[in-house]
Amino acid sequence: MRGKYIGAAAAIGLTAIAVCGCGEKEKDYDVYFFNGKSEIAESLETVADEYEAETGKKVKVFTVGTSESSETLRSEIKSKAYPTVFASNAIGIEEWKSAGFAMDASEVQNP
């Protein structure tokens, strides 16, 4: 009787592990840059292309208009595929720092 329970528990566990992987979308990029400034979109695309050529890493640049960028960024941060790099204003950065998505850059130095 005990063997039936162990076998059933193992089957349930393996099924749960298999199901957890379902629905996850594989990323087609290595770096995700969220851009809230449409006026710099072309420049960012150029930089992304140069970075890809130099490193071989695929860059996704996602640009939204300035008026909806905060809400769209919140939505992207909540998703499983949140941005690697994003820009924010001084008020917004406090929100992202407290949530663990941004670091204090006051001591960052350019080498």
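**Exercise 1.** Classify Glu 52 as buried or exposed, or in between, and find its salt-bridge partner.

*Solution.* Start with the accessibility. Glu 52 has a relative accessibility of 21%, so it counts as partly exposed. The scale is this: buried is under 20% relative accessible area, exposed is over 50%, and partly exposed is in between (1.4 Å probe, protein chains only). Next, the partner. Glu 52 meets Lys 58 in a salt bridge, at 3.9 Å from N to O. That term requires a side-chain nitrogen of Lys or Arg within 4 Å of a carboxyl oxygen of Asp or Glu. Finally, Lys 58 is partly exposed too, because its relative accessibility is 40%.

The model is predicted: local features need pLDDT of at least 70, side-chain atom pairs count only at pLDDT 80 or more, and totals for chains, interfaces and linings use all residues. Residues are numbered from 1 along each chain as its sequence is written, and side-chain values use heavy atoms, without hydrogens and water.

**Exercise 2.** How many salt bridges are there, and which residues are linked in a network?

*Solution.* The count is four salt bridges. Take Glu 71 and Arg 74: their closest N and O atoms are 2.8 Å apart. Both sit in helix H3, three residues apart, about one turn of the helix. (Helices are DSSP runs of H or I with at least four residues, strands are runs of E with at least two, and both are numbered from the N terminus.) Glu 71 is exposed, at 53%. Arg 74 is partly exposed, at 26%. Now add Glu 95: salt bridges link Glu 71, Arg 74 and Glu 95 in a network.

Then look at helix H4. Lys 97 and Glu 94 both lie there, three residues apart. Their side chains form a salt bridge of 3.3 Å, N to O.

**Exercise 3.** What kind of aromatic pair do Tyr 82 and Phe 101 form?

*Solution.* The whole structure holds four aromatic pairs. Rings of Phe, Tyr and Trp (its six-membered ring) pair if their centres lie within 6.5 Å; planes under 30 degrees apart are stacked, over 60 edge-to-face, the rest tilted. For Tyr 82 and Phe 101, the centres are 5.2 Å apart and the planes stand at 80°, so the pair is edge-to-face. The two residues are 19 apart: Tyr 82 is in the loop between helix H3 (69–78) and strand E3 (85–86), and Phe 101 follows helix H4 (90–98).

Repeat for Phe 86 and Trp 96. The values are 5.8 Å and 75°, again edge-to-face. Phe 86 belongs to strand E3 and Trp 96 to helix H4. Both are buried.
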